[in-house]
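The exercises below are meant to be worked with the sequence and the coordinates side by side. Each one sets a task and then follows it with a solution in steps.

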Amino acid sequence: MEIYIVAPGDTVDSIALSFGIPVDSILYNNQLPYPYRLAIGQALLLSTGTNPAERKTVFVNGYAYPFISPFVLEESLPYLSDLSIFSYGFTTEGDLIPPLLEDDWMIELANNFSVRPILTLTPFGADGRFNNNLISAIVNNPAPQENLINQLIYAVQTKGFRGIDIDFEFILPEDRIPFAQFVSNVQTALSPFGYPVSVALAPKTSDSQTGLLYEGKDYGLLGQAADNVLLMTYEWGYTYGPPMAVAPVNKVREVVDYAITKIPNEKINLGIPNYGYDWTLPFERGVTKARTIGNVEAIQLAIAYNAPIYFDTTAMSPYFYYEKDGFYHEVWFEDVRSLQAKFALVEEYDLRGMGYWQIMQLFRANWLLLADTFWIRKE
């Protein structure tokens, strides 16, 4: 694969002729719709040769809700090791709550592609948000915790899951050690059945980092308790924050630098976002709310408003501006250049692999670049 940056005057036909490759391969790789317009500064993934023989083998996880399009899931599964189905909840008594929509079809399809279906456990309250009181009730009370673990084992065995991912956020600081013990208890219970347990970690850069998102997550203890971890290295640019890259590589690197001092690198998966944000300017904290967009959608937005795409070489992320209905907008998203930079970190630090939040929208160029860079571990 080769990455090409669109210059003024380029067309799909002229690029295909210049590289001696079929037009159809450019359209397919980059999901270009008719009439096949391009944006200046757009990064295209071109199929120009054969895959390199020497490649690192990695684990690749993708999160998905049960309402994912079957087509999108089928297109994505060849590039995954694990499929984390989002999500299962629980009550203060430890009773497991399944997703609102049926997920059996996802489990069956994952198994058909030799991908491990993973049960994702989240502490969502009635309002659909992470509930730290619910977390406290489970991690500090043996009876509800034992009930929950028994129900997790039953769900995994009866539904065909092959692992559990624990995604708890906003853990109270005083629950830091009890939470790590809970993860250890789940791992101990699941290990005899051969089911791995993973845990999602907020992107910390030090032991003393303050904030409710960070203080309840002890990297050292959780790295010992779980079979593997996911660094949630995204959301620097987020819905209610100022415009910036969702996962700036310079910030991501800081998290990895800290993580490897606490957790063996062979246990660490790098979090990768599969989305971007569109902010209306000027940004006003508490008022402005960014719109989540897909990476392919971002490109089409730039084309529709004739907006050139720029690339921040520090964040290693693409962005552009456009005007609509008298308002200026700023968009940050992911493209093959930003993904290539993240893949380079996985190689540089010799990490276990990566996990995508989330795979609900197909970004084919990502998968093709991934398969060109790594061997993907299949069970």
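**Exercise 1. Classify glycine 326 by its accessibility and place it in the fold.**

Solution. The model is a predicted one, and the classification starts from a computed value. Glycine 326 has a relative accessibility of 59%, and because exposed means over 50%, glycine 326 counts as exposed. The next step is its place, which is the loop between β14 (317–324) and β15 (327–332). A last step relates it to threonine 239: the two are 87 residues apart in sequence, and their C-alpha atoms are 21 Å apart in space.

**Exercise 2. Find which peptide bonds named here are cis, beginning with the one that joins leucine 281 and proline 282.**

Solution. The bond between leucine 281 and proline 282 is cis, with omega at about 0 degrees. Proline 282 belongs to the loop between β11 (276–280) and β12 (291–293). Another cis peptide bond joins tryptophan 357 and glutamine 358, where omega is about -20 degrees; glutamine 358 lies in the loop between β16 (353–357) and α12 (364–373).

**Exercise 3. Examine the positive phi values of tyrosine 36 and glutamate 235, and decide whether each residue is buried, partly exposed or exposed.**

Solution. Tyrosine 36, although not a glycine, has a positive phi of about 65 degrees, and its place is in the loop between α2 (23–30) and β2 (43–46). With a relative accessibility of 34%, tyrosine 36 counts as partly exposed. Glutamate 235, likewise not a glycine, has a phi near 75 degrees and sits in the loop between β9 (228–231) and α9 (249–259). The relative accessible area of glutamate 235 is 33%, so this residue is partly exposed.

The loop of glutamate 235 leads to α9, whose buried residues are Val249, Val252, Val255, Val256, Tyr258 and Ala259. The cover over these residues includes α8 (219–225), β9, β10 (268–273) and α11 (336–348).

**Exercise 4. Describe the surroundings of threonine 120.**

Solution. Begin with the element: threonine 120 is part of strand β6 (residues 116–121). Its relative accessible area is 0%, and it is therefore buried. A polar atom of its side chain lies 3.1 Å from the backbone oxygen of isoleucine 85. Leaving aside residues up to four places away in sequence, threonine 120 touches Tyr63, Ser84, Ile85, Phe86, Ser87, Tyr88, Asp165 and Asp167.

**Exercise 5. Identify the residues of the largest nonpolar core that touch the most other members.**

Solution. The largest nonpolar core holds 105 residues, and those touching the most other members are Leu83 and Phe182. Helix α7 (residues 176–190) provides the largest share of this core, seven residues. Apart from this core lies another, of 13 residues, among them Ile293, Phe320, Tyr322 and Phe333. To see the contacts of leucine 83, set aside residues up to four places away in sequence; its partners then include Leu73, Leu77, Met106, Val115, Ile118 and Ile359.

**Exercise 6. Characterise the largest pocket and the two cavities of 30 Å³ or more.**

Solution. Take the pocket as the starting point: the largest pocket holds about 1,600 Å³ of space. It is lined by 44 residues, with Phe124, Gly128, Phe130, Glu169 and Trp357 closest to its centre. Strand β4 (residues 82–90) gives the largest share of this lining, four residues, and by class the lining divides into 30 nonpolar, eight polar and six charged residues.

Turn next to the largest cavity, with a volume of about 170 Å³. Of its 19 lining residues, Asn61, Asp82, Ser198, Asn228 and Asn269 are closest to its centre. The largest share of that lining, four residues, comes from β3, and the lining as a whole comprises nine nonpolar, six polar and four charged residues.

The second largest cavity encloses about 140 Å³. It is lined by 16 residues, and Asn30, Gln42, Ala43, Ile299 and Phe363 lie nearest its centre. The elements that give two or more residues to this lining are α2 and α10 (295–304), and α10 gives the most, with four residues. By class, this lining has eight nonpolar, six polar and two charged residues.

Terms used: Residues are numbered from 1 along each chain as its sequence is written. This is a predicted model: local features need pLDDT of at least 70, side-chain atom pairs count only at pLDDT 80 or more; totals for chains, interfaces and linings use all residues. Side-chain values use heavy atoms; hydrogens and water are left out. Buried means under 20% relative accessible area, exposed over 50%, partly exposed in between (1.4 Å probe, protein chains only). Contact means heavy atoms within 4.5 Å. A polar contact is a pair of N or O atoms within 3.5 Å; within protein, one must be able to donate a hydrogen and the other to accept it, and residues adjacent in sequence count only if both atoms are side-chain atoms. A nonpolar core is a set of buried Ala, Val, Leu, Ile, Met, Phe, Trp, Tyr and Cys residues joined through side-chain atoms within 4.5 Å. On a 1 Å grid over the protein atoms alone, a cavity is a set of points where a 1.4 Å probe fits but cannot get out, and a pocket is an open set with protein on both sides within 12 Å along at least five of seven lines; lining residues have an atom within 4 Å of a point. Grid points are joined across faces, edges and corners, and a volume is the space filled by probe spheres set on the points. Ala, Val, Leu, Ile, Met, Phe, Trp, Tyr, Cys and Pro count as nonpolar, Asp, Glu, Lys and Arg as charged, and the others, Gly among them, as polar.
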